[in-house]
Structure formats: structure tokens, C-alpha cells
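Trainee: I should like a close look at a single part of this protein, set in the context of the whole. Please proceed step by step.

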Amino acid sequence: MGAKELDEVRSNMARAAKRFDGVEREAPQLIAVSKTYGAEEILPILEAGQRDFGENRVQEAQSKWPALCEQFPDLTLHLIGPLQTNKTKEAVSLFDVIHSLDREKLARYLKKEMEAQGKSIPLFVQVNIGEEEQKSGIAPDQTIEFVRYCQQDLGLDIQGLMAIPPVGEPPAPFFARLVELGKDAGLAKFSMGMSADYETAIEMGASYVRVGSAIFGARDYT
């Protein structure tokens, strides 16, 4: 798995972008999700020209990305997994974009840490679009108020919304709801779609898709 699969995903993305509202448009950004993979497996994807990568855990990312960032200074590293407040300092130091802002306390910690490091990191608010008890994220009916709090009270750079639809249900209605929420909040970017549904997400208006197994292969968690 590697460069060949990357090309296939890119081709699928381009075709899906042409189906968006029946109008041809530029394909969204592809985030290659490299969690659980080491530098030796990531390197061929970097050499194939991919520059946006996603990680779920701060500690894992710290173990492999600093050296790769030195070798490829133009890459963009996205945090797409949950962020604990005690890892805020490390996250702000390492990541270029954070997709998992999901509560006021974390927003305050990010604001404080970005000021301390002299950085302004683009953020996506994670929405619990399926209102699932086991998932993190802002409730849909609280999203607009939370976005305004982050923007107006804290001055954070909220770029858009992120969501993961419920497993086993058609994803399109959830993607559509996220886009409507974003428009109501005055946002135009959407981080949505993974290996199983990224083409649908693109058809619904995704700005970023987070694709891992379709590029790197099935993960071994043993």
C-alpha cells in the first residue's frame, strides 16, 4: 500500500468533486491519516507528493513527526483525534491545524497556549452530528453559540466544522446537516469523510477528507 493507492484516492476525489451540485469544482484537501504507522511507511507517501497528514494522538505524533517535518518543511500536520487539556502545549507546538475543538475548557486552554507560543492555529469545531452518547463533540443545537463564543470572546481562528457520522447509517444526511450548520454559523469549510465515505462527503461539500486505510491499508492494532 502506498503511492498507487494515494493516486487512486486522488482520482476518486476529483471525480466526486465534479458531481458536487452538478458543477465541476476543485477537489478538497486530502488528509492522509497516518496514525499507527511509522516514519518508514509514511515516507513513500511524502515522496509521492502528499503534504497533509492527520494524527489522532499527540504522543504518537511526537514520536515520529518532528524529524519528518525537518525533512519536509512544507508539510501540514492535522490533529484529528480528541485533545486532552494536559496535552494542549504539545499540540500547539507540533500541529498546524486542529480539527477536534469540542468544549469551552479546551478552547480556553488553546487560546492561552497559542498566546504563550505566539501562534494562531486554524481550528475546526467538532460536532456530535449524530448526537451519540459515546462520541465527543458539540451538540448540533449548541454549535452556533459555541462558534460565536470561540470567535468573539476568545478570538480564535475557527475555520469550519468537523464531524463523524454514526456507523451503520447513510452518511449523506449527516454531512448535509453539518454543512447547513456551518452556513448558519458563517463558516465555509467542512472536515468530513473518511475511507468508507469520502466520495459522498465530497459530493456534499467537504473541504477536507480524512483518509487512512484506503491509502495505507488496514491497520493492525495488536
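**A loop residue and its surroundings**

Mentor: Asn-56 is placed in the loop that runs between strand E2 (52-55) and helix H3 (58-71). The model is a predicted one. Asn-56 has a relative accessibility of 19%, and because the limit for a buried residue is under 20%, Asn-56 counts as buried. Apart from neighbours within four places in sequence, the contacts of Asn-56 are Lys-35, Leu-79, Ile-80, Gly-81 and Pro-82.

Strand E2 and helix H3, which flank this loop, also take part in the packing of helix H2. The buried residues of H2 pack against E2 and H3, and also against helix H1 (3-18) and helix H9 (213-216). Helix H2 itself comprises residues 39-47, and Ile-42, Ile-45 and Leu-46 are buried in it. These buried residues lie within an arc of 100° when H2 is viewed down its axis, so they line one face of the helix. Such an arrangement can be related to helix geometry: an α-helix has 3.6 residues a turn, so residues three or four places apart point the same way. Glu-40 and Glu-47 are exposed, on the face of H2 turned away from its buried side. After H2 comes Gly-49, with a positive phi near 105°.

Helix H7 can be examined in the same manner. It covers residues 172-184, and its 13 residues should span 18 Å at 1.5 Å a residue; the C-alpha atoms at its ends are 18 Å apart, which agrees. Its buried residues are Phe-174, Phe-175, Leu-178, Val-179, Leu-181 and Gly-182. The arc that they cover around the axis is only 160°, which puts them on the same side of H7. Pro-173, Lys-183 and Asp-184 are exposed on the other side of H7. The cover over the buried residues of H7 includes helix H6 (143-153) and helix H8 (198-204), together with strand E6 (158-162) and strand E7 (189-191). Gly-186 follows H7, and its phi is positive, near 80°.

Helix H5, residues 104-117, offers a further buried position, for Ala-107 is located there. With a relative accessibility of 0%, Ala-107 counts as buried. Beyond its neighbours within four places in sequence, Ala-107 is in contact with Leu-101, Phe-146, Cys-150, Leu-154 and Leu-156. One of these partners, Cys-150, is 43 residues away along the chain, yet its C-alpha atom is separated from that of Ala-107 by 6.8 Å.

These parts belong to a protein of nine helices and eight strands. For its 222 residues, a compact globule would have a radius of gyration near 17 Å, and the value for the protein is 17 Å, which agrees. Along the principal axes, the C-alpha atoms fill a box of roughly 45 × 40 × 35 Å. Buried residues account for 50% of the 222 residues. Of the contacts with a separation of 6 or more, 59% involve residues 24 or more positions apart. The exposed area of the protein is about 10,800 Å², of which carbon and sulfur atoms supply 46%.

Key
Residues are numbered from 1 along each chain as its sequence is written. This is a predicted model: local features need pLDDT of at least 70, side-chain atom pairs count only at pLDDT 80 or more; totals for chains, interfaces and linings use all residues. Side-chain values use heavy atoms; hydrogens and water are left out. Helices (H or I, at least four residues) and strands (E, at least two) are DSSP runs, numbered from the N terminus. The expected span of a helix is 1.5 Å times one less than its number of residues. Buried means under 20% relative accessible area, exposed over 50%, partly exposed in between (1.4 Å probe, protein chains only). The arc is that of the directions from the helix axis to the C-beta atoms. Contact means heavy atoms within 4.5 Å. The radius of gyration is taken over C-alpha atoms; the globule rule is 2.2 Å times the number of residues to the power 0.38. Accessible areas come from the Shrake-Rupley method with a 1.4 Å probe; for residues, only the protein chains shown count as cover.
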